[in-house]
Amino acid sequence: MRKGRWPGWGPGEQAEQHYLIQPRALAGGGDIRHVSEFLRASGWRDKSKSGGPLVMESQDRAVRLTYDPYVQPGGWLIQSKARGAQAEWWAVFGRQTPVEIISGLTDALTQPCSAHAPNVWSPLAQQDWAARAEGRHYTATSPDQTAWLHFRQDGEGNAMWWSGARDEQGNGWTAQFSASTPLHLVQAFSTALASPEPVMRPRGRVPHSSKIQTTSVSVLPSQLGAWQQARITAARAAAWARNSARGPRPSTTPRPHAKTGAFRVRR
């Protein structure tokens with residue numbers, strides 16, 4: 001275990017011990033606000049009831065996210081209604097799926113699709129995941145063999161994406177995606193899954209596993225707050241830009257018979 005010290009410490013604050021964990025797939029669930037606050041800042045509505053599970057809904061009410069820790073086995077469910085040529089779809093994540101991996105998909109829900117054709121396997125290949133084909137099935141496995149992504153298809157053409165991670169004790173998580181889940185969302189998930197960047201967990205929230213590497217760091221509460229706020233601010237800025245692009249553009253010339261000096265742009 002290595003120790004690090006973050007610069008910029010100020011008076012009046014007590015540093016807290018955290019740990020950077022690699023691989024991220026075995027880091028445990030984490031703080032669900034990493035997902036929910038980004039969606040809220042992006043304009044999603046919080047439909048949760050007091051004492052109940054987290055429920056959030058997209059602005060157009062087409063996509064709903066639920067996190068329910070009160071049932072077994074508990075976890076995340078994302079469902080989308082059919083829209084145009086896009087069939088309805090769903091994605092399910094176990095409760096120990098790291099929020100940084102889930103947010104790969106949920107962040108992408110708030111962003112426009114890329115003009116490039118999605119490639120789910122490319123992010124995995126870039127991180128040296130081993131891939132193999134087995135008939136209609138296709139599998140990619142992480143270099144340490146703790147995480148995987150499968151595409152399975154039966155003889156009738158029914159397909160499903162399946163992913164997950166396991167340590168030497170069998171602890172971990174699984175995720176499933178319907179065959180109709182948009183591929184750019186599955187690619188956003190696979191990108192987050194394969195990322196070599198560590199994720200941070202506070203003391204007492206680090207899994208006991210010989211498969212992970214940890215780096216001890218001392219972090220000020222204000223630093224944690226600043227990092228979280230930067231993510232929220234970025235989501236708000238992107239939402240504002242999208243809404244501005246969709247909204248009516250103000251006229252650059254006065255209306256007939258209007259006095260130029262009194263002209264106002266209404267937003």
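This report covers the nonpolar core, one helix pair and some backbone features of a predicted model.

**The core**

In soluble globular proteins, nonpolar side chains tend to be buried together. Here the largest nonpolar core has 44 residues. Three of them touch the most other members: Trp76, Phe93 and Phe189. Helix H4, residues 183-194, gives the most to this core. Its share is six residues.

Phe93 deserves a closer look. Neighbours within four places in sequence are set aside here. Phe93 is then in contact with Gly75, Trp76, Ile78 and Ile102. Its contacts also include Leu105, Thr174, Ala175, Phe177 and Phe189. Trp76 and Phe189 are thus on the contact list of Phe93, and both are named with Phe93 among the core residues that touch the most other members.

**The helix pair**

Two packed helices are described by the angle between their axes and the distance between the axes. Helix H1 spans residues 33-41, and helix H2 spans residues 99-108. They pack at an angle of about 25°. Their axes are 9 Å apart. Angles under 35 degrees count as roughly parallel, so H1 and H2 are roughly parallel to each other. H1 passes H2 in a right-handed crossing.

Which residues of H1 meet H2? They are His34, Val35, Phe38 and Leu39. On the H2 side, the partners are Val99, Glu100, Ile102, Ser103, Thr106 and Asp107. The residues of this contact divide into five nonpolar, three polar and two charged. Ile102 of H2 takes part in this contact, and Ile102 is also in contact with Phe93.

**Backbone features in loops**

Two peptide bonds that lead into a proline are cis, from Gln22 to Pro23 and from Gln72 to Pro73. Two residues, Arg61 and Asp128, have a positive phi although neither is a glycine. The table gives the angles and the loops.

| Site | Feature | Angle | Loop |
|---|---|---|---|
| Gln22 to Pro23 | cis peptide bond | omega near -5° | Pro23: between strand E2 (16-22) and H1 |
| Gln72 to Pro73 | cis peptide bond | omega about 5° | Pro73: between strand E5 (63-68) and strand E6 (75-80) |
| Arg61 | positive phi | about 65° | between strand E4 (54-57) and E5 |
| Asp128 | positive phi | about 65° | between helix H3 (122-126) and strand E8 (130-134) |

Is Asp128 buried or exposed? Its relative accessible area is 61%. Exposed means over 50%, so Asp128 is exposed.

Notes
Residues numbered from 1 in each chain as written. Predicted model: local features only at pLDDT ≥ 70, side-chain atom pairs only at ≥ 80, totals over all residues. Heavy atoms only, no water. Core = buried A, V, L, I, M, F, W, Y, C linked by side-chain atoms within 4.5 Å. Buried < 20%, exposed > 50% of the residue type's maximum accessible area, 1.4 Å probe, protein only. Helix = DSSP H or I, 4+ residues; strand = E, 2+ residues; numbered from the N terminus. Contact = heavy atoms within 4.5 Å. Axes fitted to C-alpha atoms, helices over the stretch in contact; angles between N-to-C directions. Parallel < 35°, antiparallel > 145°, perpendicular 65-115°, else oblique. Left-handed = near helix turned anticlockwise from the far one by under 90°. Nonpolar A, V, L, I, M, F, W, Y, C, P; charged D, E, K, R; others polar.
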